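Let's take a walk through this structure together, one part at a time. Keep the 3D view open as you read.

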Amino acid sequence: MSSPAVIAVAGPCGSGKTTWINQSLKDATAPLSYFYSGLGRNPVDLMRIGYCFPSVQVMSDLPAPQVFSSLPDGAIIYVELDFPELLKPLLPKVRFCHQVAVIPPHLQDSAWHQWADQIIPGNDIAIPDAAKPPERWHAPLQGQVFDPASLEVVLTELMEGAYGDIHRVKGIFEMPDGQALYIDFVAGLEGVEYTELSIPRWLEGRPDRWSGMEVMGNNLQPEIISQTLLDGCLTDEVIAYYQQQYQALSPV
């Protein structure tokens, strides 16, 4: 059995790493795995890839030797990193490691350049001050269903700075019609990305699958964000009403 190959993808927050990996996963034919460290508390990217690519094995911790031994011949592991990192000591059994940096086009001669085997021009975003890294706030939302108009108001207030200096907002949110939406905002880019995930509609009670959000920025007000989010969530009675309507519209 051959050892797996690793494609390590690094870049600043919001540069487009996960987008590049998503495209690569669409085009690949080998058995695939995806790993992003530090996502145990709120794995938005991990769960998004798991929902979009059911055949991809997703991992939130460095795989143990037994995981490597169980991978099929020719397997490829995509490893997503925020910062350049030496992977060979961490992944000693890989047969090949290709290091890709997805970075803003204006960035020159950075640590990512020195680390990478390949440079991919990413989103043209500002690089956060290394001396003041952004705060990260995570909110698990499993079981919550959102009123779309209320959720849009919360997101607009976030992006306009009502609850801090926001760099990034991303999350998976459940809608009354049973859809799950992936929502992504990066400061400096135009608009907000709304993507319906290709998973079955949930039309029986509160959704029993992962959803949640992550906010990155400075001077965040998490208590206010949390309360404002909860204000936009639907009650059991309203959820049941909507589900009955959409069940009636669903083809038999």
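**A core and a sheet**

Start with the largest nonpolar core, which has 22 residues; Leu-158 and Met-213 are the ones with the most contacts inside it. Who supplies this core? Two or more residues come from each of strand 7 (135–140), helix 5 (148–159), strand 8 (165–174), strand 9 (180–186), strand 11 (212–218) and helix 6 (222–231). Helix 5 gives the largest share, 4 residues. Keep in mind that you're looking at a predicted model.

Now zoom in on Leu-158. Leaving aside residues up to four places away in sequence, Leu-158 touches Tyr-163, Gly-164, Ile-166, Val-169, Met-213 and Ile-225. So Met-213 turns up again, and it shares with Leu-158 the distinction of having the most contacts inside the core.

Next, move over to the sheet. It's an open one with 6 strands, pairing in parallel, and the order across it is 3-2-4-1-5-6. Which strands stand at the edges? They are strand 3 and strand 6 (118–121), and because each has a single partner strand, one side of each is left without a neighbour in the sheet. From one strand to the next, the twist averages 20°.

Let's follow the pairings, beginning with strand 2. On one side, strand 2 pairs with strand 3 (residues 57–59) in the parallel sense, over 3 bridges. Strand 4 (residues 76–81) is also parallel to strand 2, and 5 bridges join these two. Phe-35 is a handy landmark here: opposite it in strand 3 stands Met-59, while its bridge partner in strand 4 is Val-79.

Is strand 2 buried or exposed? Its residues, 32–36, are buried in 5 of 5 cases, so the strand is largely enclosed by the rest of the structure. Leu-32, Tyr-34 and Tyr-36 point one way, Ser-33 and Phe-35 point the other way, and all are buried.

Over at strand 6, the partner is strand 5 (residues 96–103), and the two run parallel with 4 bridges between them. One spot to look for is Ala-101, whose bridge partner in strand 6 is Ile-119.

There's a helix to add to this picture. Helix 1 (residues 17–27) lies across strand 1 (5–10), strand 2, strand 4, strand 5 and strand 6, and it runs at about 170° to strand 4.

Last, a look at the cysteines. Cys-13 has 23% relative accessibility, so it counts as partly exposed. Cys-52, at 33%, counts as partly exposed too. As for disulfides, the count comes to 0.

Methods. Residues are numbered from 1 along each chain as its sequence is written. This is a predicted model: local features need pLDDT of at least 70, side-chain atom pairs count only at pLDDT 80 or more; totals for chains, interfaces and linings use all residues. Side-chain values use heavy atoms; hydrogens and water are left out. A nonpolar core is a set of buried Ala, Val, Leu, Ile, Met, Phe, Trp, Tyr and Cys residues joined through side-chain atoms within 4.5 Å. Buried means under 20% relative accessible area, exposed over 50%, partly exposed in between (1.4 Å probe, protein chains only). Contact means heavy atoms within 4.5 Å. Two strands pair if DSSP finds at least two bridges between them. A disulfide is a pair of cysteine sulfur atoms within 2.5 Å. Axes are lines fitted to C-alpha atoms, for helices over the stretch in contact, and angles run from 0 to 180 degrees between N-to-C directions.
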